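Hi,

Here is the structure I promised to pass on to you. Have a look at it first, and then read my notes underneath.

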Amino acid sequence: EVNDNAWDDEEIWRDGTNYVIGQESLSPAKVESVIPAYKAPAFFTDPDGNRVPWFVENAVPTTIEEIETEDNDNRGRLKVIRPEFIRGVVNEFEVEMRRARAS
């Protein structure tokens, strides 16, 4: 239990451990581990690939990083213009931009 003056109770904070404080109750909770947000689970799946709550047996987390990486991979590869065609592409682009401005 924490006394009424949780913010000034040096006995709680002395060991340098990180705590979070309840907004309403002012009760502290010890932080056991911290990870970057992108490594946090976005959802959990069962062995069949169905989304399930985290407490389901054999639930596997899928992180935000994994989702973003897969999205980027699905968007495809960059297409690179070969050097000998760059001047022609630039010219076509300029013509189209002039045409768009005129209309």
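**Notes on the model**

Leu26 is found in the loop that links β1 (19-21) and β2 (28-30). Please keep in mind that this is a predicted model. Leu26 caught my eye for its backbone: its phi is positive, about 60°, although the residue is not a glycine. With a relative accessibility of 28%, Leu26 counts as partly exposed.

Asn58 also belongs to a loop, the one between β4 and β5. Its phi is positive too, near 65°, in a residue other than glycine. Asn58 counts as exposed, because its relative accessibility is 53%.

Now for the overall layout. The protein has 3 helices and 5 strands, and along the sequence they follow the pattern α-β-β-β-β-β-α-α. Of its 103 residues, 11% are buried. The accessible surface comes to about 9,500 Å², and carbon and sulfur atoms contribute 52% of that. If you take the contacts with a separation of 6 or more, 15% of them are between residues 24 or more positions apart.

The part I spent time on is the sheet. It is an open sheet of 3 strands in the order β4-β3-β5, with antiparallel pairing. Strands β4 (51-52) and β5 (60-63) each have a single partner strand and stand at the edges, so one side of each has no neighbour in the sheet.

How many bridges join β3 to β4? There are 2, and β3 (residues 41-45) runs antiparallel to β4. On this side of the sheet, Phe44 is placed opposite Val52 of β4, and Thr45 is placed opposite Arg51 of β4. The hairpin of β3 and β4 has 5 residues between the strands, and there Gly49 takes a positive phi near 90°.

Arg51 is worth a second look for its side chain. Its charged end sits over the ring of Phe43, 3.7 Å from the ring centre.

On the other side, 4 bridges join β3 to β5, and these two strands are antiparallel as well. Pro41 has Thr63 of β5 as its bridge partner.

Is Thr63 buried or exposed? Its relative accessibility is 14%, so Thr63 counts as buried. Leaving aside residues up to four places away in sequence, Thr63 touches Tyr38, Lys39, Ala40, Pro41 and Ala42. The bridge partner Pro41 is therefore also among the residues that Thr63 touches, in a list that includes Ala40 and Ala42.

Helix α2 (residues 64-74) lies across β3 and β5, and it runs at about 60° to β5.

One last item concerns aromatic rings. Searching the whole structure turns up 1 aromatic pair. Trp54 and Phe55 form it, in an edge-to-face arrangement with 5.7 Å from centre to centre and 85° between the planes. Both Trp54 and Phe55 are exposed.

If you want somewhere to begin, these are the places I would open in the viewer:

- Arg51, with its charged end over the ring of Phe43
- Thr63 in strand β5, with Pro41 as its bridge partner
- Gly49 in the hairpin of β3 and β4
- the edge-to-face pair of Trp54 and Phe55

Happy to talk it through whenever suits you.

Best wishes

Methods. Residues numbered from 1 in each chain as written. Predicted model: local features only at pLDDT ≥ 70, side-chain atom pairs only at ≥ 80, totals over all residues. Heavy atoms only, no water. Pairing = 2+ DSSP bridges. Contact = heavy atoms within 4.5 Å. Axes fitted to C-alpha atoms, helices over the stretch in contact; angles between N-to-C directions. Phe/Tyr/Trp six-rings, centres within 6.5 Å; stacked < 30°, edge-to-face > 60°. Buried < 20%, exposed > 50% of the residue type's maximum accessible area, 1.4 Å probe, protein only. Lys NZ or Arg CZ within 6 Å of the ring centre and 35° of its normal. Areas by Shrake-Rupley, 256 points an atom, 1.4 Å probe, with all protein chains shown as cover.
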